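Biologist: Take me through this one, please, and tell me which rule sits behind each label you use.

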Amino acid sequence: MKVCVVGTGYVGLTTGVSLAFLGHDVTCVEIDQNKVDMLRAGRCPIYEPGMEDLLSEAAPKLNFTTSFAEGVPGADVVFVAVQTPSSPDGSPDLRYLRTAAETVAQHLDHTFTVVVNKSTVPIGSGNWVDAILRDSFAQCEDRREGCEFAVASNPEFLREGNAIHDTLYPDRIVIGSDNPRSLEVLNQLYRPIINQTFTAPGFLPRPDDMAAVPLVSTDLASAELIKYAANAFLALKISYVNEIGQLAGKVGADITEVARGIGLDDRIGSRFLEPGVGWGGSCFGKDTKALIATAGEYNYEMPIVRAARDVNERQRVIAVERLQDELRILKGRRIGLLGLAFKPNTDDLRDSPTVDIAKLLIARGARVRLHDPIAGERFRREYPELAPHLTETIDGLFDDCDAVVLVTKWAQYLEMDWSKFVGLMRTPILLDGRHALDAERMTRLGYRYLAISG
Ligand code: UDX
């Protein structure tokens with residue numbers, strides 16, 4: 001099938017490259033010429049493991065351009081995957097989406113095109129995009145006879161750092177439209193994934209237990225709500241374990257044991273029950289906020305989702321308070337934070353717990369040092385005011401520190417020789433913000449080991 005993807009952020013790029021890898025003819029339209037140049041040269045503008053390998057495998061079926069006229073005409077499916085950043089009031093800024101939809105409409109010329117809303121947008125945006133497409137199409141002087149189109153939603157569940165895996169081997173595919181023909185087209189598009197008939201890429205073998213992928217084919221509003229409901233549920237699962245974690249600390253229980261004990265119940269499941277400083281990233285914070293805002297439009301409260309957000313925010317404050325309880329005075333203390341990215345295997349800094357913890361510490365008079373194996377360069381660009389706190393080396397981070405906090409669970413941190421650093425510290429306080437280190441071993445090495453919960 002002929003596919004056009006508008007926008008080459010995490011979602012757009014992964015979708016485009018994966019569909020080309022599966023054999024579809026894909027054109028990715030991106031307004032940033034630099035990004036197009038990079039991608040044409042086979043280089044990936046974001047840090048995502050495996051993406052450059054897949055880019056090279058998919059290259060014969062993949063085209064990058066700044067021109068909608070090259071991508072949209074003749075396309076069976078157009079994915080709109082442009083960014084929807086938060087406005088100052090927290091609502092998503094839909095300007096890019098509007099412009100993209102208007103421009104797509106001006107180039108539609110096929111007998112039937114499905115326009116898929118892949119950007120994370122408020123519930124109801126499918127209808128909104130449909131109206132924009134129709135207005136813009138109607139205004140075109142050269143209205144094309146016999147050209148039809150319909151809007152669909154196809155929510156994305158990929159995790160950054162595992163984007164290709166989650167796209168090729170998903171738990172389910174959700175498609176939603178009020179137009180049955182759209183659902184049929186998307187069903188065809190995803191057949192190779194649904195039936196797992198493609199040859200797995202060499203660098204990412206098919207999981208042994210991989211079966212056919214369930215397809216949820218539903219109406220537009222349900223598909224849109226599935227996206228939010230799924231992300232909010234994962235977010236509240238994390239907040240739940242973190243809330244229990246604080247109680248575990250008070251009653252003398254070990255939260256990692258508690259999480260294991262409850263997660264083995266099939267009805268609960270062990271994933272997303274890892275205690276720590278909480279979630280960050282582009283989705284959970286934004287999506288839970290948007291869900292509450294949508295409910296508000298119907299004068300409806302969502303106390304569970306609201307509580308999940310509050311607990312998550314509190315975890316960051318608790319990290320600072322744990323240090324304060326231990327050091328008594330934070331003013332003038334030197335505190336090292338390991339990891340800036342909101343999670344390992346990405347350089348994404350959106351809603352990074354580290355940034356909030358650093359700001360809270362600085363506000364309380366501490367001197368902060370920051371390190372990340374990958375995200376340092378991006379951090380300099382996005383947080384120039386905090387850039388002077390960056391250290392290049394792990395030795396430099398520990399040197400003369402009063403405490404060090406493990407915030408992001410990078411493999412490099414988990415696997416490093418912790419015995420080398422303890423002697424560099426002024427006081428060897430180690431706060432494990434992810435319950436990722438072996439408490440006994442760290443204590444043996446001479447650290448005063450503290451975990452965020454308990
Ligand atoms: C998430 C969803 O998983 C994905 O389905 C959605 O489409 C986009 O948002 P992502 O933000 O890439 O993906 O990361 P994810 O791996 O889900 O982790 C989110 C955050 O939760 C990270 O900060 C992670 O450290 C934290 N987390 C995750 C926990 O604190 N505990 C856990 O048990 C799991």
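**Labels and their rules**

Modeller: Let's start with S182: leaving out residues up to four places away in sequence, S182 touches F112, V114, A150, A152 and S177. Contact here means heavy atoms within 4.5 Å. A quick word on ground rules: this is a predicted model, where local features need pLDDT of at least 70 and side-chain atom pairs count only at pLDDT 80 or more, while totals for chains, interfaces and linings use all residues. Residues are numbered from 1 along each chain as its sequence is written, and side-chain values use heavy atoms, with hydrogens and water left out.

Biologist: What makes S182 a buried residue?

Modeller: The cut-offs are under 20% relative accessible area for buried, over 50% for exposed, and partly exposed in between (1.4 Å probe, protein chains only). S182 has 0%, so buried it is. The residue sits in helix α8, residues 180-189. Helices are DSSP runs of H or I with at least four residues, strands are runs of E with at least two, and both are numbered from the N terminus.

Biologist: And why is S282 called buried?

Modeller: Its relative accessible area is 19%, so it goes in the buried class, given that the class takes values under 20%. S282 lies in the loop between α11 and α12, and apart from its neighbours within four places in sequence it contacts E160 and R350.

Biologist: What makes the backbone of F272 worth flagging?

Modeller: Its phi is near 60°, a positive value, and F272 isn't a glycine. Most residues other than glycine have a negative phi. F272 is in the loop between α11 (255-263) and α12 (284-297), and its 26% relative accessibility is why it counts as partly exposed. N345 is another such case, with a positive phi of about 65° and again no glycine. N345 belongs to the loop between β9 and α14, and at 37% it is therefore partly exposed.

Biologist: How do you know that a set of residues is a nonpolar core?

Modeller: The set has to be made of buried Ala, Val, Leu, Ile, Met, Phe, Trp, Tyr and Cys residues joined through side-chain atoms within 4.5 Å. The largest one here has 51 residues, and I335, L337, L361 and F398 touch the most other members. Elements that each give at least two residues include α13 (303-327), β9 (334-338), α14 (353-363) and β10 (367-371). The top contributor is α13, with five residues. A second core, of 43 residues, lies apart from that one and has V3, L22, V116 and L204 among its members.

Biologist: Which residues does I335 contact?

Modeller: Beyond four places in sequence, its contacts include L323, L327, L330, L361, V368 and V405.

Biologist: Why is the E326 and R448 pair called a salt bridge?

Modeller: The rule wants a side-chain nitrogen of Lys or Arg within 4 Å of a carboxyl oxygen of Asp or Glu. E326 and R448 come in at 2.5 Å, N to O, so the pair passes the 4 Å limit. It ties together distant parts of the chain, E326 in helix α13 and R448 in strand β13, 122 residues apart. With 27%, E326 is partly exposed, and so is R448 at 42%.

Biologist: Where in the chain are D347 and R378?

Modeller: Their side chains also form a salt bridge, at 2.9 Å from N to O. D347 is in the loop between β9 and α14 and R378 in helix α15 (residues 376-382), 31 residues apart. Both residues are buried. Elsewhere, salt bridges with shared partners join E160, D348 and R350 into one network.

Biologist: How many salt bridges are there in the structure, and how many cross between domain 1 and domain 2?

Modeller: The structure holds 21, but zero of them cross that interface. The domain bounds, from an automatic or database assignment, are 2-217 for domain 1 and 228-306 for domain 2. Twelve residues of domain 1 contact nine of domain 2.

Biologist: What makes up the area buried between domain 1 and domain 2?

Modeller: It's about 830 Å², with 55% from carbon and sulfur atoms; buried area is the accessible area (1.4 Å probe) that two parts lose on being put together, summed over both.
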